[in-house]
Amino acid sequence: QVELVESGGGLVQPGGSLRLSCAASGSIRSINAMGWYRQAPGKQRELAAVISSGGSTTYADSVKGRFTISRDSAKGTVYLQLSNLKPEDTAVYYCKCTVMDYFVYTRDYWGQGTQVTVSS
């Protein structure tokens, strides 16, 4: 079994910054893609950013130039630096990791979500 634990959400004023973290633990052989998704009230969950095992990154157009995704593979942790935040960034942010376990079985795991609220 694999568990993802997120942290770092909170309330921030427009223009402010936050750093989200997601740590994976459990029966992990390797972690492939690691990503952050977000879901605003009344909207579908959408990709914010993803990073491959090789370090390649992809961002949603709405966050390009403001968010930065990174990972520490040795620690099984992915980060999302959120800068120049806007009220429309308000959402629950979820971490998703594609994990190969010790039985060489690969599947996606999701974190529990962390709330980010941008408001003055």
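Gly 76 takes a positive phi near 65° in the hairpin of S7 and S8, with four residues between the strands. This is a predicted model, where local features need pLDDT of at least 70 and side-chain atom pairs count only at pLDDT 80 or more, while totals for chains, interfaces and linings use all residues. Numbering runs from 1 along each chain as its sequence is written, and side-chain values use heavy atoms, with hydrogens and water left out.

Strands here are DSSP E runs of at least two residues, numbered from the N terminus, and two of them pair if DSSP finds at least two bridges between them. Here are the two hairpins:

| Strands | Bridges | Direction | Positive phi |
|---|---|---|---|
| S7 and S8 | six | antiparallel | Gly 76, near 65° |
| S9 and S10 | five | antiparallel | Val 104, near 60° |

Inside the pairs, Ile 69 sits opposite Leu 80 in S8, and Cys 97 has Tyr 109 of S10 as its bridge partner. S7 (residues 67–72) also shows a neat alternation: Phe 67, Ile 69 and Arg 71 point to one face and are buried (under 20% relative accessible area, 1.4 Å probe, protein chains only). Thr 68, Ser 70 and Asp 72 point to the other face and aren't buried.

Now for Asp 101, in the loop between S9 (91–100) and S10 (106–110). Asp 101 is buried but has no salt bridge (a side-chain nitrogen of Lys or Arg within 4 Å of a carboxyl oxygen of Asp or Glu). The nearest side chain of opposite charge, Arg 107, is 7.6 Å away. What does the side chain of Asp 101 reach at 3.0 Å? That's the backbone nitrogen of Tyr 105.

Technical notes: Buried means under 20% relative accessible area, exposed over 50%, partly exposed in between (1.4 Å probe, protein chains only). Lys and Arg count as positive and Asp and Glu as negative; His and the chain ends are not counted. A polar contact is a pair of N or O atoms within 3.5 Å; within protein, one must be able to donate a hydrogen and the other to accept it, and residues adjacent in sequence count only if both atoms are side-chain atoms.
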